[in-house]
Structure formats: C-alpha cells, structure tokens
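Please look over the sequence and the three-dimensional model below before reading on. The questions that follow are best taken in order, with the model open beside them.

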Amino acid sequence: MESGKVGASWKGVLIPVSESADIFRNTILTALQSAHLYEESKQFFRYKSAVLVKNPALEEKYNAFRTNRKNAGYTEDELKESYGFLLFDDASKANALGETGVLTGNSSCSILGDPSKGIYISMYSDCLDQNRWYHGKSGYIAIIRLTKVLAVKF
C-alpha cells in the first residue's frame with residue numbers, strides 16, 4: 001500500500017515503511033506474494049511502498065477477540081491467523097483503515113460483493129479487481145491480519 005499523504009490525524013497510527021526495510025521484504029512482501037492466485041503475478045506485480053498501522057485500540061480489540069475464543073475452548077490450530085486483502089483506489093480511504101479498522105462500506109471494491117452491505121476480504125492479493133491488472137495500473141492494497149475460526153464449538 002502506498003503511503004500517500006498522511007495528515008496530522010494519522011500521526012502515530014500510520015508508520016511509513018521503507019522498501020529496503022526487513023519488515024517490508026520479510027513480512028509485507030511475503031504476505032502479498034504468498035497469496036497470489038496466479039503464478040505469473042509474482043513476476044508482474046511491483047510493490048513500491050507501504051505503511052504499517054500501529055493502532056493500540058484496534059490491536060487490543062483483536063487480542064481480546066482471540067483471548068475470548070481461547071477461553072471458550074478453541075485451540076491455537078482453530079485460531080490460526082492468516083491475511084486478507086482489500087483494494088482501494090484512494091490512499092486516504094486505505095489509510096482510514098488505520099484509524100477505524102475494517103468497516104462496512106469503507107471499500108469501493110465490488111468484485112466479491114456490495115461493500116455497502118458487508119465486509120468482503122479477498123484471500124488472494126492479485127485478484128482484487130474485476131478486470132485483469134495491466135502495466136501501469138496502481139492501487140492501494142490493505143493487508144489485514146485475520147483469525148479464522150476453523151471449527152464451531154457446540
């Protein structure tokens with residue numbers, strides 16, 4: 001995801017990550033490239049900048065969710081973490097995720113469903129647009145850490 005212009009309200013929440021930083025190469029690129037549906041995407045997709053979200057309130061909410069599930073008897077295997085992806089045309093909308101988290105209607109991507117009616121997150125980082133990507137096309141991809149509950153407890 002490109003950093004775009006970060007206003008004062010984002011201060012402390014969005015942290016630009018250099019293309020040469022270890023976290024960019026080892027975490028961000030790995031998450032994006034390991035989630036390609038098409039093998040050729042690894043050759044053609046170029047990611048040139050990133051912003052790391054550091055929002056303690058959202059992190060606390062996420063950790064509370066995981067703790068509640070653990071206390072309900074879910075195992076670590078059932079609470080396995082993965083990544084999901086959202087595409088934005090506008091940097092400010094992508095950056096807003098850092099402040100609000102994922103909300104209904106905050107994405108314009110409609111390939112998976114109507115974004116005004118739900119949150120649709122793709123498991124593939126290269127299949128976020130209805131049309132095939134072409135040379136020169138750009139966008140802002142949000143990588144979202146997810147906990148998928150793999151089993152239902154009765």
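**Salt bridges, rings and a pocket**

Q: What is the relative accessible area of Arg145?
A: Arg145 counts as partly exposed, where buried means under 20% relative accessible area, exposed over 50% and partly exposed in between, with a 1.4 Å probe and protein chains only. This is a predicted model, in which local features need pLDDT of at least 70 and side-chain atom pairs count only at pLDDT 80 or more, while totals for chains, interfaces and linings use all residues. Residues are numbered from 1 along each chain as its sequence is written, and side-chain values use heavy atoms, with hydrogens and water left out. For Arg145 the relative accessible area is 33%.

Q: Which residue forms a salt bridge with Arg145, with the closest N and O atoms 3.9 Å apart?
A: A salt bridge is a side-chain nitrogen of Lys or Arg within 4 Å of a carboxyl oxygen of Asp or Glu, and the closest N and O atoms of this pair are 3.9 Å apart. The pair links distant parts of the chain, strand E3 and strand E4, 64 residues apart; here helices (H or I, at least four residues) and strands (E, at least two) are DSSP runs, numbered from the N terminus. The partner of Arg145 is Glu81.

Q: Why does the salt bridge of Arg66 with Glu81 tie together separate parts of the sequence, and how many residues apart are they?
A: In this salt bridge the closest N and O atoms of Arg66 and Glu81 are 3.7 Å apart. Arg66 lies in helix H3 and Glu81 in strand E3, so the pair ties together parts whose separation in sequence, in residues, is 15.

Q: Where does Glu76, the salt-bridge partner of Arg66, lie?
A: The side chains of Glu76 and Arg66 meet in a salt bridge of 3.5 Å, N to O. Because Arg66 lies in helix H3 and Glu76 outside that helix, the pair ties together parts that are 10 residues apart in sequence, Glu76 being in the loop between H3 and strand E3 (81-88).

Q: Which is buried, Glu76 or Arg66?
A: At 47% relative accessibility, Glu76 counts as partly exposed. Apart from residues up to four places away in sequence, Arg66 touches Glu76, Leu79, Glu81 and Thr147, where contact means heavy atoms within 4.5 Å. With a relative accessible area of 11%, the buried residue is Arg66.

Q: How many salt bridges does the chain have by this rule?
A: Among them is the pair of Glu81 and Arg145. Shared partners join Glu59, Arg66, Lys70, Glu76, Glu81 and Arg145 into one network of salt bridges. By the same rule, the count of salt bridges comes to 7.

Q: Why is the pair of Phe45 and Tyr47 described as stacked, edge-to-face or tilted?
A: The count of aromatic pairs is 1, with rings of Phe, Tyr and Trp (its six-membered ring) taken to pair if their centres lie within 6.5 Å, and with planes under 30 degrees apart counted as stacked, over 60 as edge-to-face and the rest as tilted. Both Phe45 and Tyr47 are buried. Because their ring centres are 6.2 Å apart and their planes stand at 35°, the pair is tilted.

Q: Which element gives the most residues to the lining of the largest pocket?
A: The largest pocket holds about 1200 Å³ of space, and among the 34 residues that line this pocket, Val53, Glu59, Ile143, Ile144 and Arg145 are the closest to its centre. A pocket is an open set of points on a 1 Å grid over the protein atoms alone, where a 1.4 Å probe fits, with protein on both sides within 12 Å along at least five of seven lines, and lining residues have an atom within 4 Å of a point; points are joined across faces, edges and corners, and the volume is the space filled by probe spheres set on them. Helix H1 (22-33), strand E2 (50-53), helix H3 (56-71) and helix H4 (91-100) are among the elements that each supply at least two lining residues. With 7 residues, the element that gives the most is E4.

Q: How far apart in space are Ile15 and Val53, C-alpha to C-alpha?
A: Ile15 lies in strand E1 (residues 14-17), and at 36% relative accessibility Ile15 counts as partly exposed. Although Ile15 and Val53 are 38 residues apart in sequence, their C-alpha to C-alpha distance is 6.4 Å.
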